[in-house]
Structure formats: structure tokens, C-alpha cells
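Here's a quick briefing to read with the structure open beside you. Have a look at the model first, then work through the points below.

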Amino acid sequence: MKVRFYSAVLSLALIGTSVSVDATSKEDLLKEQQEVESRLKETERLQNQTSEKLILTKQERKEARAQLNEVNSRLDDLALKIADQQAAVAVSKEQLRLTEAAISETLKELHQQEELLGSRLRAVQQKGDVKYIEVLLDAKDFGDLISRFSTVSEIIKQDDHVLQAYKGNVKQLSEQRSEQALLLESMKREQRKLLVLQTRIIAESELKRKLVVQLNTKVKELQQEQFSKAEEAEILADQRRLIQNELIALQEAERKAKEEAKRKAAEAARAAEAKRQAEAAEAARAAEAKKKKSDAPSAEPTIPEVESPTATPEQPADAVTSRPFHLPVQGYVSSPFGPRNNPLTGKPEIHKGIDLVNAKGTPIHAAAGGIVLRAGSATGYGNVVMVTHLIDGQVYTTVYAHLDSISVSAGQTVMPGKTVGTLGTTGWSTGPHLHFELHKGEWAVGQPNAVDPAPYIF
């Protein structure tokens with residue numbers, strides 16, 4: 001949008017020439033004030049929306065953090081259970097190992113007992129009680145028979161007891177080993193369940209963690225957006241204040257112009273009245289002279305004097321050059337105006353200015369005379385100076401960004417070539433350079449008025 005923003009006072013301040021105050025100047029200024037007010041209200045509305053989004057996002061992040069803490073707490077509790085279960089499994093394994101050792105020892109003892117029974121026990125197992133009968137038949141007498149019978153009976157009982165004990169021990173140990181093995185397997189199954197549950201909770205925790213990270217990023221973006229909107233509002237407020245000051249100055253100029261017009265009108269009236277009186281007196285004198293002439297015919301005729309015009313033609317105004325701006329700093333252009341890939345993000349963008357590379361600390365000069373709109377820090381720009389210019393009835397705004405230092409202040413009038421700061425690498429910058437922007441009109445959000453400075457620089 002082309003902006004027509006000019007007044008008598010601003011013209012005098014910016015280009016040092018006298019400009020007449022007219023209704024068009026005031027109408028354009030009032031129109032510009034309305035546009036700035038509208039943009040400022042829109043920026044404040046967006047800022048409020050961003051603030052509301054930021055509040056909601058922070059609340060969402062708080063809830064996500066609480067959920068993450070709850071999941072991590074469950075994970076900690078589960079880790080303790082797994083540790084206890086692992087300890088129980090270790091104990092069960094040790095008990096199973098001891099049982100296996102006991103079984104091995106019992107089998108060893110039983111094997112030794114079996115060897116003590118020797119061939120007799122094996123014979124009994126194979127042939128029954130034949131040898132016991134032979135022992136009884138070899139008795140010498142009845143008393144010896146009774147004695148031998150008692151001995152054989154006792155041996156048979158002892159053999160049976162040994163066999164039964166053998167079977168019982170083996171059965172008991174086998175059952176104990178089976179029970180211990182079942183218990184160990186049950187513990188391992190429970191442990192596997194806990195590990196599966198742990199894997200699921202870890203996955204849930206990772207999702208919650210990623211959500212918190214995303215919300216942290218969103219909060220930072222909204223905070224940055226909120227900060228940017230605040231800066232935009234400040235710039236628009238500065239522009240509104242400048243316009244208001246110019247309106248006041250314009251009104252004062254109009255008042256003085258009216259007073260001057262009244263004074264000149266009064267002087268003109270007085271001069272007209274004096275001229276009328278002089279003409280009347282001259283007419284009276286002429287009539288008197290004519291009368292005397294008629295009475296004295298020998299008098300010489302008089303020639304009336306004719307007043308020569310003194311007005312001079314108006315001088316035409318000098319035309320403003322088509323290249324009204326100076327180069328603010330010497331250096332090579334590392335990035336011209338137009339499409340490029342952002343050196344920080346690698347994403348395609350429209351570069352709204354030109355980058356001039358030189359040594360850090362090199363003085364930066366105002367490209368033309370004007371009024372400093374802003375001098376301070378701004379997101380992305382780093383240390384920045386914005387200057388408003390009025391040239392041939394057209395408003396321009398120049399931007400000098402990434403400055404190492406600033407030498408002017410807002411509201412200050414600067415002449416062409418005035419040092420506004422020094423070259424640096426503040427803000428979103430990859431190295432020392434001046435990011436120079438030219439806006440045909442005033443600076444606006446989104447830089448819609450930015451133009452390529454090259455055709456305007458001489």
C-alpha cells in the first residue's frame with residue numbers, strides 16, 4: 001500500500017524546504033492516522049490471542065508434566081517390584097540349586113547303601129528268598145533254627161526298611177525338586193509380565209516426554225510471537241505518536257497561516273482604503289486642475305504616469321532525483337533482495353533487504369535525512385535503527401539491522417550521512433554485516449512495503 005504521509009513541519013524537518021499547508025496534507029495525515037490505529041488494534045488483538053494461546057499451552061504443558069511425573073512414578077514403583085522379583089527369582093534359583101545338590105547327595109548315599117547290601121540284596125530282588133531258606137535248612141538243631149529264623153526275619157525287615165526309605169527319599173526329593181522348579185517357572189513368568197509392563201510404561205513415558213518437549217517448543221514459539229507482537233505494537237505506537245505530533249504541528253501551522261492571512265487581509269484592506277482615499281484626493285485635484293485649465297487655456301497638457309508591474313514569475317521547483325538515497329556503508333553484497341534460502345534454517349524465503357558485509361565496528365550512515373522512528377533491539381533484527389523520510393511527498397522508511405552499537409535515539413532528526421550506529425552481528429545473524437531495508441511507506445508488520453533498495457541508491 002502506498003502511503004502518503006506528509007505535512008509542513010515534517011517536510012521542513014526532513015528535506016529542509018518550505019511547503020505550503022493545504023487541506024490535502026491534513027486529510028492524508030488523518031487517513032494515515034486511522035490506518036495506523038487500525039493496524040495497532042489488529043496487532044493488539046493478535047497479541048491478546050497469542051497471550052490466551054500461551055496461557056492454555058502452559059496449562060496443557062503443566063498437565064502433561066504431571067502425567068509424565070505420574071508415569072515415571074509408576075515406572076519407579078515397577079522397577080522396585082522388578083528388583084524384588086529378580087531377588088526372589090535369585091533366591092528360588094539358589095533353593096533349586098540346593099535341592100538339586102541335596103538330591104545328588106541323597107542319591108550318592110543311597111548308592112552307597114545299595115553297595116552295602118551287595119549281592120544279597122540284588123539276589124533277593126532277582127530270585128526272591130532262596131538264600132534265606134538255605135540258611136534255615138543249614139540249622140544244626142531246633143534252637144539253631146529258631147535263632148537263624150529270627151536273624152533272617154530281622155534282616156528281611158531291615159532290607160525292606162532300607163528299600164522303603166530309599167523309595168521315600170527319592171520320591172520326596174523328586175517332589176521337592178518339581179515344586180521348586182514350578183515355583184521358579186512361576187516367578188520367571190511373573191518377571192516377564194513385569195518386564196513387558198515396564199516396556200509399555202517406558203513407551204508411555206516416552207510419549208509423555210515427547211509431548212512435554214513439543215509443548216515446551218510451542219510455549220517458546222508463543223512467547224517469541226508474543227514478544228514480536230509487543231515489538232510490532234511498540235513500532236506502530238511510535239508511528240502513531242509521530243503522526244499525532246505532526247498533526248499538532250500541522251494544526252499550529254494552520255493557525256499561524258490563518259493569523260497571517262488575517263493580518264495580510266487587514267493590511268490589504270488598509271492599503272485599499274488608503275489607495276481609495278488617495279485616488280479620491282487625486283480625482284479632486286484633477287477636477288480642480290481641469291477647472292483651472294479651462295479658466296487658463298494657455299496651460300500645458302499633462303501626461304498621466306503609468307505604474308510599471310513589479311510581479312515576478314514563480315520559479316519552478318527542482319525535481320527530486322530518482323535515486324534519493326546514499327549507500328549506508330561500503331561493502332560487498334552477500335545477499336541481495338529477493339528469494340533465497342535462509343542461512344539459519346535453510347528454508348526458502350523472500351529476503352526483504354540487502355546484506356552489506358564489512359568489518360565489525362564500521363560506522364553506518366543514514367541513507368537520507370529523516371526522523372528516527374526506532375532505536376533499540378528487536379527480534380531477528382538485533383540492534384536496529386529505523387528512520388522515516390519524506391522525499392517529494394513520498395514517505396520512505398529505512399532499516400539498519402544487526403548493529404553492534406546505536407548512536408541515535410527515537411525522535412531525533414538526522415541529516416544525510418549521519419552516523420546511526422556501527423556494523424555488527426546481533427540478532428539472527430551468521431556474521432558481521434548490515435541488513436539494510438527500504439520500505440516505500442512506513443514499516444508495517446510482515447514488511448509488505450519493502451522494496452529492493454538498489455534502484456534507489458546512488
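**Salt bridges along the helices**

Arg263 and Glu267 make a salt bridge, with their closest N and O atoms 2.4 Å apart. Keep in mind throughout that this is a predicted model. The two residues sit four apart in helix H4, so about one helical turn separates them.

- Arg263 is partly exposed, at a relative accessible area of 37%, and Glu267 is partly exposed too, at 36%.
- There's also a network in which salt bridges with shared partners tie together Glu70, Arg74 and Glu204.
- Helix H4 covers residues 142–295 and holds another pair, Arg209 and Glu206, which are three residues apart, about one turn of the helix.
- Arg209 and Glu206 form a salt bridge whose closest N and O atoms are 2.6 Å apart.
- On accessibility, Arg209 comes in at 38%, which makes it partly exposed, while Glu206 is partly exposed at 30%.
- Over in helix H2 (residues 23–127), Glu42 and Arg45 are three residues apart, so they too are separated by about one helical turn.
- Glu42 and Arg45 form a salt bridge, with 2.5 Å between the closest N and O atoms.
- Glu42 has a relative accessible area of 34% and is partly exposed; Arg45 is partly exposed as well, at 38%.
- The total count of salt bridges is 15.

**His351 and its hairpin**

- Is His351 buried or exposed? With a relative accessible area of just 2%, His351 is buried, because the cut-off for buried is under 20%.
- His351 belongs to strand E3, which runs over residues 348–351.
- Strand E2 (residues 338–341) pairs with E3 in the antiparallel sense, over four bridges.
- Within that pairing, His351 in E3 is the bridge partner of Gly338.
- E2 and E3 make a hairpin with six residues between them, and Gly346 in the turn has a positive phi of about 80 degrees.
- What does the side chain of His351 reach in the way of polar partners? One of its polar atoms lies 3.0 Å from the backbone oxygen of Gly353, and a polar contact of 3.3 Å links the side chains of His351 and His435.
- If you skip neighbours within four places in sequence, His351 is in contact with Ser335, Pro336, Phe337, Gly338, Arg340 and His435.
- That puts Gly338 on the list twice over, as a contact of His351 and as its bridge partner.
- His435 also turns up in both places, as a contact of His351 and as the side chain at the other end of the 3.3 Å polar contact.

**Ser429 in a loop**

- Where does Ser429 lie? Ser429 is in the loop between strand E10 (419–423) and strand E11 (434–440).
- Despite the loop setting, Ser429 counts as buried, at 16% relative accessibility.
- The side chain of Ser429 comes to 2.8 Å from the backbone oxygen of Gly431.
- Not counting residues up to four places away in sequence, Ser429 touches Leu344 and His402.

**The chain as a whole**

- The chain has four helices and twelve strands.
- It has 458 residues, and 32% of them count as buried.
- Take the contacts between residues at least 6 apart in sequence: 70% of these join residues at least 24 apart.
- About 28500 Å² of the chain is exposed, with carbon and sulfur atoms supplying 55% of that.

**How far to trust it**

- The average pLDDT for the chain is 76, and 76% of the residues score at least 70.
- Which elements mark the two ends of the confidence range? Helix H1 (residues 8–15) is lowest, with a mean of 37, and strand E5 (residues 363–365) is highest, at 97.
- Over residues 1–23 the pLDDT stays under 50, although the model gives that stretch 57 contacts beyond four places in sequence.
- Residues 298–321 also stay under 50, and for them the model has three contacts beyond four places in sequence.
- Where pLDDT is low, don't read the predicted coordinates in detail.

Definitions and conventions:
Residues are numbered from 1 along each chain as its sequence is written. Side-chain values use heavy atoms; hydrogens and water are left out. Buried means under 20% relative accessible area, exposed over 50%, partly exposed in between (1.4 Å probe, protein chains only). A polar contact is a pair of N or O atoms within 3.5 Å; within protein, one must be able to donate a hydrogen and the other to accept it, and residues adjacent in sequence count only if both atoms are side-chain atoms. Contact means heavy atoms within 4.5 Å. pLDDT is the predictor's confidence in each residue, from 0 to 100. Two strands pair if DSSP finds at least two bridges between them. A salt bridge is a side-chain nitrogen of Lys or Arg within 4 Å of a carboxyl oxygen of Asp or Glu. Accessible areas come from the Shrake-Rupley method with a 1.4 Å probe; for residues, only the protein chains shown count as cover.
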